[in-house]
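Please walk through this structure step by step, beginning with its overall fold and ending at a single residue and its surroundings.

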Amino acid sequence: MNAPPRPMLPRGPYLLCDDTVLPDVPLVDKAARLVAGGARVVQLRMKRTPPREALAAAREVAALCRRAGALCLLNDRVDLALLAGADGVHVGDEDLPPEAARELLGPGRLVGVTVRGVDGARAAREAGADYVGVGPLFGTTTKQVAAPVLGLEAFAAVVKGSPLPVVGIGGVGLANISRVAAAGAHGAAVVSDALLAGDIAERVRQLVAAFERGGAGD
């Protein structure tokens, strides 16, 4: 029997459900609010959650996203993605190599890779990745990154030269997501700007609209 084709990464905001942001709110509740606002991609990032709790959360979030027609990706954790029936993983510079993630996940799930430029994007494609995250675009306090801020002009050059769809990462929010889209991004990763908003679902709706305006050249 042929494996089902792996999903395509939707264009637009790429929402992270992070256990270090708004830590007193359960991950499943945060994910539900993101999806309620129209998030089509939710990346579950659990750096502080104990393994058993992480697996339970991954299963719940993956099921929630499936019901809503959204994709659920796991940050780094290929094992949790497989056990939870998630749609794929995103791996960073110091995580499992993308070719190993692809080997474990097989052909039916997405693999995203954080890279710093066009050469990295080309290598990611050769390793079996489906898309790349590029940044940091702006300063960010959510995650410590040992790389210089890229800026939109350099980001646009990477987008132009990349053989894979590019998601802008690092410091993206409502104030700048239109410019990220206008620079040619396929997606834009948002963490704190969404999770720390008074109304998470409403902020996601605003982010979706702003990305669409930027992508349309508005």
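Contact, as the word is used here, means that heavy atoms lie within 4.5 Å of each other, and the angles given below run from 0 to 180 degrees between N-to-C directions, along axes fitted to C-alpha atoms. With that in mind, in this predicted model, helix H1, residues 27-36, lies across strand E1 (12-18) and E2, and runs at about 165 degrees to E1. Helix H2 in turn lies across E2 and E3, running at about 155 degrees to E3.

The strands that these helices lie across belong to a closed barrel of 8 strands, which runs E1-E2-E3-E4-E5-E6-E7-E8 with parallel pairing. Neighbouring strands of this sheet are turned against each other by 30 degrees on average, if direction is ignored.

One pairing in the barrel can be followed residue by residue. E2 and strand E3, residues 71-75, pair in the parallel sense over 4 bridges; Val-41 stands opposite Leu-71 in E3, and the bridge partner of Val-42 in E3 is Cys-72. Strand E3 itself is mostly covered, with 5 of its 5 residues buried. Leu-71, Leu-73 and Asn-75 point one way from E3, while Cys-72 and Leu-74 point the other way, and all are buried.

From the strands we turn to a loop. Between strand E2 (41-45) and helix H2 (51-68) there is a loop, and Thr-49 has its place in it. Is Thr-49 buried or exposed? Thr-49 counts as buried because its relative accessible area is 18%, where buried means under 20%. Leaving aside neighbours within four places in sequence, Thr-49 is in contact with Asp-19, Leu-27 and Ala-54. With Asp-19 there is also a polar contact from side chain to side chain, at 2.7 Å.

Thr-49 and Asp-19 also appear together in the lining of the second largest pocket, where the other residues include Pro-23, Leu-27, Arg-48, Pro-50 and Glu-53. This pocket has a volume of about 170 Å³, and the elements that give two or more residues to its lining are H1 and H2. Which element gives the largest share of the lining of the second largest pocket? That share, 3 residues, comes from H1. The helix H1, with which this account began as it lies across E1 and E2, thus returns here as a part of the pocket lining.

Technical notes:
Residues are numbered from 1 along each chain as its sequence is written. This is a predicted model: local features need pLDDT of at least 70, side-chain atom pairs count only at pLDDT 80 or more; totals for chains, interfaces and linings use all residues. Side-chain values use heavy atoms; hydrogens and water are left out. Buried means under 20% relative accessible area, exposed over 50%, partly exposed in between (1.4 Å probe, protein chains only). A polar contact is a pair of N or O atoms within 3.5 Å; within protein, one must be able to donate a hydrogen and the other to accept it, and residues adjacent in sequence count only if both atoms are side-chain atoms. Two strands pair if DSSP finds at least two bridges between them. On a 1 Å grid over the protein atoms alone, a cavity is a set of points where a 1.4 Å probe fits but cannot get out, and a pocket is an open set with protein on both sides within 12 Å along at least five of seven lines; lining residues have an atom within 4 Å of a point. Grid points are joined across faces, edges and corners, and a volume is the space filled by probe spheres set on the points.
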